[in-house]
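Biologist: I would like to go through this structure feature by feature. Please take the ligand site and the backbone in turn.

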Amino acid sequence: MVVERDDISEILKDYDKSEITIGTIGSHSALQILSGAKKEGFKTLNMVTKERKEVYNAYPLARPDYSLEVKSYKEILDKDFQLKLTEKNVVIIPHGSFVEYVGAENILNDFHVPIFGNRESLVWEADRSKQREWLEGKAGLKMPREFKIDEINNLSIVKLHGAKGGKGFARARNPKEVSESLEYMKEKGLISEEDLQGDLTVQEYIDGARYYLHYFLSKFSDDFGVPVYHRGRRLGNLLLSSIDRRDETNIDDIHRTGLNPEELKEVGIVPTYTVAGNIPLVARESLLPKIYKMGEKTVEASDDLFPPGINGPFCLETFCRPNLDFVVFEISGRIVAGTNLYISGSPYLDMVEEGLSTGRLIAREIKKGIEKDKLDEIIY
Ligand code: AMP
């Protein structure tokens, strides 16, 4: 059964607001989340496997006050485990690994611990058809066309079901190239037989420059960002906080082989799009109005689809086409790892406050929620 907003409000009522602990899973953007929380004076908690624990103790300014060791991240769903969290007045900050390891549906149905943001946004990001309904259907943003494998007759990108971080993405110009690429990746151990079982999504290959646009919707701050009003209500102030571009192996360095596509094929190298890191970026300044408009439409659409909609950080993953129009290929309804570039500020955040990070913005929003006694507006 779905964990309702009211259930979480009830749990929050019992929380000791002077002892809130900010918690997350040790992966993805945890260091940033933990250091941001510490800067705002919160106690912090990390849920982490034995192998990864060391890394999270390495940086004093991000070192968690509490570390809960898990064998598998699904353990987090156990009743006893959840109790350990609520006893410590934990507010969870969800990130990409949290959604992937715990599962969006499990979070919605079985996780009775307060989460910063709107947990429904995690369900909407986890399903490609829901993403399309949100971004193209409601927000009216442009997305890549989709079709079936046997309809491929031009450069396309094939995405495995539920694949994250570009894992197992294949570029193909015809159905034969799809099977060749997938076979190659299986041979190289990049994907498994199981990965191939689910549905494949085929999208037109979008040419252009990649922009991963990081936004933050604050419910309580009106001294930064642009106000977003929808159906007579103020949804919050929206800020473009930073931008990144991903470094993807092997595609981003494939030119270093000095080989053309045919020669690459001969030596058995197939382009892959696995995300391995992030690179900073700023947008041409005249693009900012368009970028803000896309963010605003996304926020408004979220209010229509899962009221009161999204809050906190989210990211639109886009291509800026040669005509400077944007095409959005994905949304992340929570903090993205690209913000890790900006733990000590970003070109945009520095104009709000020097050295500000998304992790710290989250903690500050929670702090304001406590002061205003309105935590249930930003936590579900
Ligand atoms: P994703 O896992 O959806 O973030 O995608 C991983 C990478 O695949 C992106 O960073 C792009 O390089 C590439 N990609 C995804 N969709 C498309 C598309 N429709 N056209 C071209 N490249 C794409």
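Modeller: What follows covers the domains, the ligand site and some backbone details. Keep in mind that this is a predicted model.

Biologist: Into which domains is the chain divided?

Modeller: A domain need not be one continuous stretch, as the bounds here show. Domain 1 (5–117) is given as a single range, whereas domain 2 (128–142 + 208–247 + 279–355) and domain 3 (146–207 + 249–276) are given in pieces. Taken over C-alpha atoms, the centres of domain 1 and domain 3 are 35 Å apart.

Biologist: Which domains does the shell around the ligand draw on?

Modeller: Domain 2 and domain 3 each supply at least three residues to that shell. As for its make-up, the shell divides into nine nonpolar, three polar and seven charged residues.

Biologist: Which residues come nearest to the ligand?

Modeller: There are 19 residues around the ligand, and the nearest are Lys159, Ile206, Tyr212, Glu248 and Glu330.

Biologist: How should I read the polar contacts of the ligand?

Modeller: Look at which atom of the ligand is paired, and whether its partner belongs to a side chain or to the backbone. An oxygen atom of the ligand lies 2.6 Å from an N or O atom in the side chain of Glu330. The side chain of Arg246 has an N or O atom 3.2 Å from an oxygen atom of the ligand. With Glu204 the partner is a polar backbone atom, 3.1 Å from a nitrogen atom of the ligand.

Biologist: How much of the ligand does the protein bury?

Modeller: The size of an interface is often expressed as the accessible area lost when the parts come together. Here the ligand alone exposes 480 Å², and the protein buries 98% of that. The ligand takes up the space of the largest pocket. Elements giving two or more residues to the shell include strand 6 (156–160), strand 8 (200–204), strand 9 (209–218) and strand 11 (233–250). Strand 13 (312–320) and strand 14 (326–332) are also among them.

Biologist: Where are the cis peptide bonds between Thr249 and Asn250 and between Pro307 and Pro308?

Modeller: Omega is the angle to read. For the cis bond joining Thr249 and Asn250, omega is about 5 degrees, and Asn250 is in strand 11. The cis bond from Pro307 to Pro308 has omega near 0 degrees; Pro308 is placed in the loop between helix 11 (288–305) and strand 13.

Biologist: What is the phi of His28?

Modeller: His28 has phi near 65 degrees, a positive value in a residue other than glycine. The loop between strand 1 (21–25) and helix 2 (30–39) holds His28.

Conventions. Residues numbered from 1 in each chain as written. Predicted model: local features only at pLDDT ≥ 70, side-chain atom pairs only at ≥ 80, totals over all residues. Heavy atoms only, no water. Near = heavy atom within 4 Å. Polar contact = N/O pair within 3.5 Å; in protein donor to acceptor, adjacent residues only side chain to side chain. Areas by Shrake-Rupley, 256 points an atom, 1.4 Å probe, with all protein chains shown as cover. 1 Å grid on protein atoms, 1.4 Å probe; cavity = no way out; pocket = protein on both sides within 12 Å on 5 of 7 lines; lining within 4 Å. Sits in = over half its atoms within 2 Å of the grid points. Helix = DSSP H or I, 4+ residues; strand = E, 2+ residues; numbered from the N terminus. Nonpolar A, V, L, I, M, F, W, Y, C, P; charged D, E, K, R; others polar. Domains from an automatic or database assignment.
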